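Student: Could we go through this structure together, one question at a time?

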Amino acid sequence: MTITPVQAAYLGFPGTLLFALLLLAALVFFTYTASRRIQLLTLGGAPENRLDHPLARLWNMLEYGFLQRKMFRDPYAGLYHALIFSGFLVLLLRTLALVFEGLFPGAGLPFLPAGFWEGYLLVKDLVLLTTFAGVVLALARRHVVKRERLDPSFDADLILCLIGLLMVTDLGAGAARMALEAANAPANAAALNAVLAGNALWEPLTYSLSKNLSLLSSSSLQSIYFGCWWAHIVAIFVFGNYLPFAKHFHVITALPNLFFGKLEPAGKMATFDIEKAAEAGTFGVSKVEDFTWKQKLDMFTCTECGRCREVCPTHLTGKPLTPKGFMVDLRGALYTDADALIDVNAGRGDGSAEAALLARRPLIGGWIDEETIWACTTCRYCEHACPVGITYIDKITDLRRHLVLEKSEFPKEAQTAFNGMERQGNPWNLSAADRGAWAKDLPFPVLTMAEAGDARVEVLFWVGCAGSYEERGKRVSRALALLLHEAGVTFAILGTEETCTGDAARRLGNEYLFQTLAQQNVETMKGYGVTKIVTNCPHCFNTLANEYPDFGGKFEVMHGTQLVARLVREGRISLVNGAPRSLSFHDPCYLGRHNGVYDAPRELLNAIPGIALKELPRSRENGMCCGAGGGRMWLEEKIGARVNQARFAEIEANGTDAVGVSCPFCMVMLGNAKTELSGKTEAFDVLELAAQALPVHPG
Amino acid sequence: MSNVLVFIEQRDGKIRKSSLEALTLGHSLSKKTNGSLGAVIAGSGISSLVGELAAYGASKVFVADRPELALFSSEGYTAALDAAAAAFGPSIVLASATAMGRDVAPRFAARRGVSVLSDMMTLDVQNGRLVGERPVYSGKARVVVTPAPDAAIQVATPRPNVFPASKADVAGAGEVVTLDLGTLKIRAKVVKVEAAEAGEIDVAEADKIVSGGRGIKGPESWPVLRALCQELGAALGASRAAVDAGWIGHEHQVGQTGKVVSPSLYIACGVSGAIQHLAGMGSSKVIVAINKDPEAPIFKVATYGIVGDLFQIVPAMTEAAKKMKA
């Protein structure tokens, strides 16, 4: 009769008791760690409801968690991660069975249906192999076929080796036990053969290894069996307890993090009550504990895989901000002072925790440099890339909110833009009276909503600051007006009643200015009964569509390319003119990644005669920012290479005659880069190209 | 009868032009009311400057000449003004609305419990009361202001470059009164003054600016523009493109993310006029644009536009300016 490891005694100490003590220690320690982590998660921070739309949340968890949707963008990593992840899912049951066996020697899991276990064993045997293969592939990724995004990590190697050890010890214990059982079996050949046939069928890997072990003596086999078994058990307990201390906490937090992920439009920033904040005297976040629980769960979950930085414009141009580094530093701030934070929050202690918090390394300027905070263009590549649903822009802008609203510490150039928005309704501080002047040269009248009076207006043309003041932007505004006019769409503008949407103010942290502008604009539009809006500025588009609903402004908002593409599709305008030319298309972040509009500009470009679209290597979801977003348009770029030049170099390398853009700020940035680098590829707005293709156009 | 006392700034032993403007203004106000004109000057080794102040009509010059006043001190210079006012008994005190004047005048006013008419574009005296205009809303409107009727002393800071500076028809007596300030308590000391680039006028303060963009082709062309600056007494500006290219320091940058300026004359040489640049200089009084490209947006805001090669036009302008001065 083969005895199990817990049935043996060790230096007179019963195995079951030893096992029970180990299990108890592991559980106690884990419970303690977990409760500390949960306390850390829930202390401080504004309340946040992440339980709405539970079905959508479950779906996200299924799609991005269990089905690993984003992981396969890097097929190699996707493969080994899926091997390890599926291994964990399968072996969870195996681990439960082991624990059960440890406590109740000789017994199997009681709740499984008959015949299940044999089938499971077959899968388990396969999974031991695939998981081990996954570990080898993962180690190879870290040390042989490296990626820039991965930094050397002792933690990662340790965890991978631990997983490998789990597989090896599981297999070793199983095979030695199988060989031992065969050796100890009664001399009934028929019964033995039946057992061996069963083993060969249901645990082929273990069986073949056991055959190799069968030459060993029974005592050796028992030593291997017991040794592997205990090593496996100890490795499991160590593994589970080590997770919360390292970047591999994601094994536990990733699925919840996906479940609690952001369901609101990607481009929408959180609105907060300014008056309440003013009463409390705090704006934004200056201490790590003041992030919301979900924001802290993000910090727990970051696995430092670095996908977020692969197309990050600040990382690519050598600036101090990388999303991964940012998240790791936030977590560092949170973990380093975790004990003091929890003690102070619980009102425990002798004042030493308070003292520790007073003396701690400050979040802003200590853990995170101010330069890092201002570098972000909010292009959202990082959030698109993150496989576990971490958001970054919310944290960057929370820190900016603190710096602007509470400390009044921000790059001084931002003040010029703030003043302009506040006084003249545009960041350039140009006269508000000239806002409608762009329309004067058109061969047909462009009415303001006030002038239109009771006349039917199908759609409000929201021109935006660049479309109203910037020379090229004005040309694009005239192009859109012409296209609408040709299609017989009745439209009007707000003229001098329009003011900046406040996009840049909000993203630079000046929530007060943003809300003032938002309320004013919503009031103006509601006054005219506006229901539909078309705009060619993706920043206006995002703000109007996603952020104004918080201020009572619910409108149907279309981007210029969406509306014009539809008008072409419906045959209301025909695009007939055009010389052959090859064209790259540069996706604006606030149209693409923030709002998922990738096809409309391409549909329109493909409808223009002569244009041959040649996609950029980094396009659509992977498009690289021009450098203007997040209010960066209004700031100096003093560190590293220029984002606009880096992007322009990619466009030049694509070798097309021209590049199409769909955002006035991309236009300015790429136009500047062309001058700065004495480049060749000229930028055109998609609407300019469309207007030029009209049967008759004024040039 | 209103006695007028004017706070005079000197730097490196030279009286600043804006102070002479204030003194000229003070002279006309004192003449109007048959009062007398006093001037107060603080510094170290400055007694030689009294003659110039008398030439502008000062009948009394209060001098605080002490080593510890060599560099500007808010407390020390205010103490000098305070002591001079106590001795002279003026009903009007003027200080130019420069960085120094805007520091000293409010301190003095606060000590006397009166207000300051700040940054005045016009200033007159009617029935013994100061009255004048100051700009609001970025110069889009002006408000007329006058001190409270019960103010024993009326304090005002006239804006530099707005009022003319001219010597009096008849020089003042220039009687020197040495101020005894006793033991000065100076808590905030100016340790040293570091000029950004010696000898150059700061674009943010300049009344005239000659500015270069990418059209100047490279840093070797700055002497062409600097020669014109020299003749006009103008500061050298630059577009972001020129600064980004590394042709000149950021302190010269005019525009949205550089300095926002509104001089009375802005000469843009080889500047295309991107909106970032226009945002920084669009409110200049007279804009002269020199550019090869007739389509350049700079011409849309220019008062005078010259389409042509700046390397011919700028030297010609420099020559013309030289001739006019000769």
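**Chain A and its partner**

Tutor: Gladly! This is a predicted model, and the secondary structure of chain A comes to 30 helices and ten strands.

Student: What percentage of the residues of chain A count as buried?

Tutor: Chain A has 699 residues, and its C-alpha trace spans about 105 × 65 × 50 Å along the principal axes. Of those 699 residues, the share that counts as buried is 46%.

Student: Is helix 6 of chain A largely buried or in the open?

Tutor: Helix 6 of chain A covers residues 189-202. At 1.5 Å a residue, its 14 residues should span 20 Å, and its end C-alpha atoms are 20 Å apart, which agrees. Just one of the 14 residues is buried, so helix 6 of chain A lies largely in the open.

Student: Which residue of chain B is among those with the most contacts inside the largest nonpolar core?

Tutor: In soluble globular proteins, nonpolar side chains tend to be buried together. Here the largest nonpolar core has 186 residues. Those with the most contacts inside it include A:Leu460, A:Phe665 and, from chain B, B:Cys269.

Student: How many residues does the second, separate core have?

Tutor: This second core is separate, and it includes B:Val40, B:Ala80, B:Phe108 and B:Leu130. Its number of residues is 53.

Student: How many residues of chain A are in contact with chain B?

Tutor: On chain B, helix 6 (240-244) and helix 7 (275-281) each supply at least two residues of the side that touches chain A. By class, that side has five nonpolar, four polar and two charged residues. These eleven residues of chain B are in contact with residues of chain A numbering 14.

Notes. Residues are numbered from 1 along each chain as its sequence is written. Chains are lettered from A and ligands numbered from 1 in the order in which they are written. This is a predicted model: local features need pLDDT of at least 70, side-chain atom pairs count only at pLDDT 80 or more; totals for chains, interfaces and linings use all residues. A nonpolar core is a set of buried Ala, Val, Leu, Ile, Met, Phe, Trp, Tyr and Cys residues joined through C-beta atoms within 7 Å. A residue is buried if 20 or more other C-beta atoms lie within 10 Å of its own, exposed if 12 or fewer, and partly exposed in between; C-beta atoms are placed from the backbone. Two residues are in contact if their C-beta atoms, placed from the backbone, lie within 7 Å. Helices (H or I, at least four residues) and strands (E, at least two) are DSSP runs, numbered from the N terminus. Ala, Val, Leu, Ile, Met, Phe, Trp, Tyr, Cys and Pro count as nonpolar, Asp, Glu, Lys and Arg as charged, and the others, Gly among them, as polar. The expected span of a helix is 1.5 Å times one less than its number of residues.
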